[in-house]
Amino acid sequence: MSSQAFTGGHKASHQELPPEFQDQEESIKITGFWMFIVTDVLIFASLFATYAVFVNRIASGPTPAQVFQLNTALIETLILLTSSFTIGIAIWAMRQNRQRMVTWWLVLTVLLGMAFVSIELTEFAGDVAAGWGWHTSAFLSAFFLLVAAHGTHVTMGIIWAVALLFQLRRRGLTTVTRRKLYTFSLYWHFLDIMWVFIFTVVYLGGRLI
Amino acid sequence: MHGGDEQHETAIEPGFDFISPRFEEPKFPMHQVWGYAASLVLTFAALWMTVNRIMSPSVLLGVVLAMAVGQAALQLGVFMHVRESRGPAWHLVPLGLAFAIGIGLVGMSAWIMLFKSGVS
Amino acid sequence: MPALPSFVPYLIHTLFPPWVRRPTEIGAEIMMTAAGAFIVYWLLKNKKLQWLWNEWLTTVDHKKIGIMYLVAAIIMLGRGGLDALMLRTNLAMPTLHFINASEYNEVFTTHGTIMVFFMAMPLIFALFNVVVPLQIGSRDVAFPRLNAISFWLFAFAAALFNLSFVVGGSPNAGWTAYPPLTELAFNHTVGENYYFVSLLMTGIGTTITGINFLVTILRMRAPGMTFMKMPLFTWATLNTSVLILFAFPPLTIALLESLLDRVAGTTFFGLAHGGMPMMYVNLFWLFGHPEVYILVLPAFGVFSEVVSTFSRKKLFGYPSMVLSMTAIMVLAYGTWVHHFFTMGAGPAVNVFFGLSTMLIAIPTGVKVFNWILTMWGGRLTFTTPMLYFLAMIPTFVIGGATGVMLGAVPADYQFHNSYFLVAHFHEVLIGGTVFGLLAGVYYWWPKMFGYKLNDHQGKWSFWLFAGGFWPTFIPQYWLGLEGMTRRMYTYPFGMGWHTLNVISTIGGLIMGAGFLVMVSNVLRSRLHREVDATGDPWDGRTLEWSIPSPAPEYNFAVIPTVDERDWWWEEKQRRQSGEKPAGPRPEDIRAIAIPKNTPVPILLGAAFFVGAFGLVFTWWPIALMGLAGVFGVLIYSWFQYDHYRILSAGEIRETEELLGRLGA
C-alpha cells in the first residue's frame with residue numbers, strides 16, 4: 001500500500017527515497033515543519049494586514065515615499081534572492097552526498113544573510129537618526145514591525161545555520177543532519193518569499209500610492 | 001525509528017492525485033539556475049514597471065502583486081521541492097489554504113477598515 | 001530603576017501596589033503560599049520529589065501530559081468558577097457592593113480569560129493527548145518533546161496569569177482587551193501586561209499543539225485507517241488543529257502590537273499619531289471566531305463517540321458528519337465581523353458577514369439531527385456522559401438559535417453588548433463545550449486511570465450542574481432585552497431587573513455545588529476504586545478500548561490493521577467467534593523505541609516564565625535573562641541526538657502477559 005509513483009512515473013519503494021524521507025520519523029518532522037510554515041504565513045499575513053490598513057495613517061510623520069529608498073531595497077532583494085539560490089544548491093549538493101560542497105554553499109548563505117541583516121539595520125538606523133522611529137506614526141509602527149519581524153526571522157536563521165555548520169562538521173551527512181539541512185532550506189526559501197512580498201507591497205507599493 | 005516495523009502510510013485516496021509525491025535528483029542543478037534567473041527577471045521587471053509607471057497605479061499594483069505570487073510559486077516549486085513527501089504530500093492542503101486565507105485576511109481587513117458607509 | 005537605597009521600597013511598591021493589598025487579595029496570597037508550602041512539605045516528607053521529577057515533570061508520554069492538562073484545567077475551572085460566583089453575588093441585589101467597581105472589572109476579565117484560555121483549551125488538549133494517539137493506533141504523538149513543551153508553556157503562562165491577582169494587579173479590560181482601554185495612557189498598572197504576555201506564551205504552546213496533532217493524524221494512523229475510517233473524535237481533532245494553525249497567528253500579532261504599544265512606544269492602537277483601535281478588534285476576532293469553533297468541535301467529537309457507544313449503534317450519517325465538520329472549519333474564517341457589526345464598517349460588509357453567520361448554522365444543524373437519529377432505535381444506557389449529551393441538545397439548539405438572532409444585523413444593534421449576548425455565548429460555551437468536555441472526561445476517565453468515576457455521584461453532579469445552568473442563563477436573555485448591559489457592576493432599584501438577577505445568582509450557586517460534587521466524586525472514586533481489568537468498560541467501538549487501562553507506555557504491543565469504522569466493535573465479534581486470536585500473538589511483538597524523558601520542556605517553560613515576568617514589569621535585565629535562558633535551552637536541545645530508549649520484545653511480552661493480554 002505504501003508504494004507511490006515518483007521520478008518519471010515508475011513505482012518505487014521507500015528504499016529509493018532520499019535518506020531524509022526514507023526515515024519515517026525524519027520525514028514526519030519535515031511535514032511538521034511545513035505546518036510551522038503554514039502558521040508563519042498567517043503571522044506575516046496579519047502583519048501585512050496591519051500594514052495595509054495603516055499605510056495612509058501617517059499623522060505628522062513622513063510619507064512612505066519619504067522613508068523608502070528603492071536602491072537599498074533592491075540590493076537587499078538581490079542579496080536574499082542569491083542566498084535563496086545558494087541554499088538551493090547546498091540542498092542539491094546534499095542529495096549528491098558532497099559534504100564539503102554543502103558546507104561551503106551554506107557558509108555563503110550565512111554570509112549573504114549577514115549582509116542582508118546589516119544593510120537592514122543600517123537602513124533602520126538612518127530612519128531613526130532622521131527622527132522617524134516607530135513611535136512617530138501608526139504607519140511607521142506597522143512598517144517597522146513588518147520589516148523587523150522578517151529581519152528577526154533572518155537573524156534566527158543565521159543562528160540556526162551556524163549551529164547546523166557545527167553539527168555537520170561533527171557528524172557529517174547523516175539522516176538527521178540531512179533532515180535539519182532540508183528544513184533549514186525550507187525556512188530560508190520561505191523568508192525569501194516573504195521578502196518578495198515585502199519588496200512588492202512596501203517598497204514598490206510605496207511608489208504607487 | 002518509531003518502533004521500526006510500522007507502516008503508517010495510507011494509500012492516496014481517489015480524487016487526491018495532485019498530492020502524490022515527486023522527487024528529482026539531476027546531475028546538474030539546472031532547475032535552480034533557471035529558477036534564480038527567473039526570479040531576477042521578475043524582480044527587475046516589476047521594478048522597471050513601477051519606476052516608469054507604465055500603467056495606472058492601481059492596475060500596476062495588481063500586476064506587481066501577481067508577479068510576486070509568481071515568484072512565490074517559483075520558490076515553492078523549484079527550491080522548496082513542495083511535492084516531495086513520504087506518502088501523500090498532505091501538507092499541500094493546509095499550505096494552499098494558508099495562502100488563500102492569508103490573502104483573504106489582508107484583502108478583507110482592508111475592505112472592512114475602509115469604513116465606507118460613515119453611518120453606524 | 002532608581003538608586004540602591006530606594007530600591008527596596010520601589011520593589012515593594014511595584015510588586016505590591018495598594019490595589020493588591022485589599023482583604024480578598026491578601027486572603028488569596030495567604031492561601032496560595034500556604035498551599036504551596038503544604039505541597040512542598042508533603043513532597044519532602046514522603047520523599048516524592050524524585051518521583052515527581054522522573055514520572056511527571058520530565059515526562060514526554062502523551063497520556064501523562066494529558067493527565068497534567070486535566071488537573072490544571074480542573075484547578076482553573078475552580079478559579080474561574082469562583083470569579084463567576086463573585087460576579088453573580090454582586091449582581092444578586094441592586095446596589096449591593098460586595099466587591100467594588102474596579103475589583104469587578106478585574107474579576108470579569110480574569111473569569112473570561114481563564115475560562116477560555118486556561119480552562120477550556122487545556123481540557124481540550126487533555127482529551128486530545130489522552131485519546132487521539134490511542135484512537136488512531138499510534139505509539140505517541142508526532143513530536144513528543146514539543147508536546148511537553150506546549151504543556152509547560154501553558155502551565156507557566158497560567159501560573160503567570162494567576163500571579164497577577166496578588167503581585168502587581170490583575171488585568172481589567174475584559175477578556176477581549178480592547179484598546180484604547182488597554183493603552184498605557186488609560187491603564188497604567190501592569191495588569192494588561194500580564195494579560196498580553198501570558199496569552200502570547202500560551203498561544204505559542206497552543207500553536208505547537210495544533211501542529212503536533214495535525215501531523216500526528218496525517219502521518220501516524222494505523223495501517224488501513226483511511227480518512228473515512230477515522231473515529232469522529234479524531235476528525236474533530238484534525239479540524240480543530242487546522243483551525244488553531246490559522247487562528248492563533250492573528251491573535252499573536254494583535255497581542256504583540258498591543259504589548260508593543262504599552263512597553264515599546266509604538267502607536268498601533270492608541271488614538272494619537274494615527275493609530276486605530278478598530279484594527280485590534282478586527283485582528284482579535286479573526287482569531288476569536290475560529291476560536292469559538294476550536295472550543296466546540298472537540299465537544300462535537302466527544303458527543304459523536306458518546307452517543308454511538310451508549311446507543312450501541314453505528315453513528316448515523318458518518319460522511320455527512322465529516323463533511324459538516326469540515327464545512328464548519330472552513331466557514332469559521334468568514335464570519336468574524338459579526339462580533340463588531342456596530343463598529344459601522346458599512347452595510348455591504350455587515351450584510352456579507354450576517355449571511356455567512358447564518359450559513360454556518362446549517363452544518364451545525366446537520367450534526368444535531370445526525371446525533372438524534374443515532375439514538376433512534378438504539379439500546380440506550382443513561383450513564384453520566386450520555387446525560388451530558390442529552391442536556392446538550394436543547395441547550396445548544398436554543399443557544400444556536402439566539403446566535404442566529406444576533407447574526408441578523410439590524411437586530412444586533414439592539415442585542416449588542418447586552419445580557420442577551422452574555423446568555424447566548426454562555427449557553428453555547430457551557431451547553432456545548434463544557435458539557436461535551438465533561439462528558440469526555442467521564443467517558444475516557446477509565447482509559448486514563450483504570451477505574452470509572454462513580455456514576456451515582458456523577459449523576460448528582462450532572463443534575464446540579466445542568467439543573468443550575470438553566471436558571472442561571474435563561475433569565476439573562478430577558479435581562480438583556482430589558483436593557484441590562486454587559487459588564488455593569490451594579491444597578492439601582494426600580495429597573496425591574498431584581499427578580500431575574502436573583503434567580504440567575506441562585507442558579508450559579510447550584511452550578512458551583514455541582515462542581516464541588518464533581519471534585520468530591522473524583523477524590524472518592526479514587527479512594528474506592530474498582531479496577532477495570534477489561535480495558536473496555538463501556539463496550540466501546542474504537543481502537544482505544546482494545547488495549548488495557550491505563551494504557552502501557554508503548555500503547556499497542558502490535559499495531560492493528562484497521563479495515564473498517566468502529567474497528568474494535570467488529571474485532572470483538574471476530575475474537576468471540578474464534579476467527580481471530582484474543583490478543584497480540586507473542587511472536588508478533590517486536591522491540592519498540594520509546595522517547596526518553598527530558599528536562600528540556602520544563603526548563604524552557606521556566607525560562608519563558610522568567611523572561612515574561614521581566615517583560616510584565618518592563619525590567620529589561622530580567623527579560624533578557626529569560627531570553628538568554630530560552631536560547632540556552634534551545635541550543636542545548638539542538639545538539640542532543642539520542643532521544644530514544646529501546647523496550648525489548650521480551651519486556652513487552654512480559655508486560656502483556658501480566659495484563660493477561662496475550663493471544664494464543
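Axes here are lines fitted to C-alpha atoms, for helices over the stretch in contact, and angles run from 0 to 180 degrees between N-to-C directions. The model treated in these exercises is a predicted one.

**Exercise 1.** Determine how α6(C) and α7(C) are oriented relative to each other, and describe the residues through which they meet.

*Solution.* Begin with the geometry: helix α6 of chain C, residues 144-163, packs against helix α7 of chain C, residues 191-219, at an angle of about 160 degrees, and their axes are 8 Å apart. Next, apply the cut-off, by which angles over 145 degrees count as roughly antiparallel; α6(C) and α7(C) are therefore roughly antiparallel to each other. The handedness of their crossing is left-handed. Finally, turn to the contact, where residues of α6(C), including Leu146(C), Phe154(C) and Phe161(C), meet residues of α7(C), among them Tyr194(C), Met201(C) and Asn212(C). Sorted by class, this contact of α6(C) with α7(C) comprises 13 nonpolar and 7 polar residues, with no charged residues.

**Exercise 2.** Decide whether Trp105(A) is buried or exposed, and place it among its contacts.

*Solution.* Trp105(A) belongs to helix α5 of chain A, which spans residues 99-129. A residue is buried if 20 or more other C-beta atoms lie within 10 Å of its own; because Trp105(A) has 22 C-beta neighbours inside 10 Å, it counts as buried. Leaving aside residues up to four places away in sequence, Trp105(A) touches Thr86(A), Ile89(A), Ala90(A) and Ala93(A). As for Phe190(A), 85 residues apart from Trp105(A) along the chain, the C-alpha atoms of the two are separated by 18 Å.

Definitions and conventions: Residues numbered from 1 in each chain as written. Chains lettered and ligands numbered in written order. Predicted model: local features only at pLDDT ≥ 70, side-chain atom pairs only at ≥ 80, totals over all residues. Helix = DSSP H or I, 4+ residues; strand = E, 2+ residues; numbered from the N terminus. Parallel < 35°, antiparallel > 145°, perpendicular 65-115°, else oblique. Left-handed = near helix turned anticlockwise from the far one by under 90°. Contact = placed C-beta atoms within 7 Å. Nonpolar A, V, L, I, M, F, W, Y, C, P; charged D, E, K, R; others polar. Buried ≥ 20, exposed ≤ 12 C-beta atoms within 10 Å, placed from the backbone.
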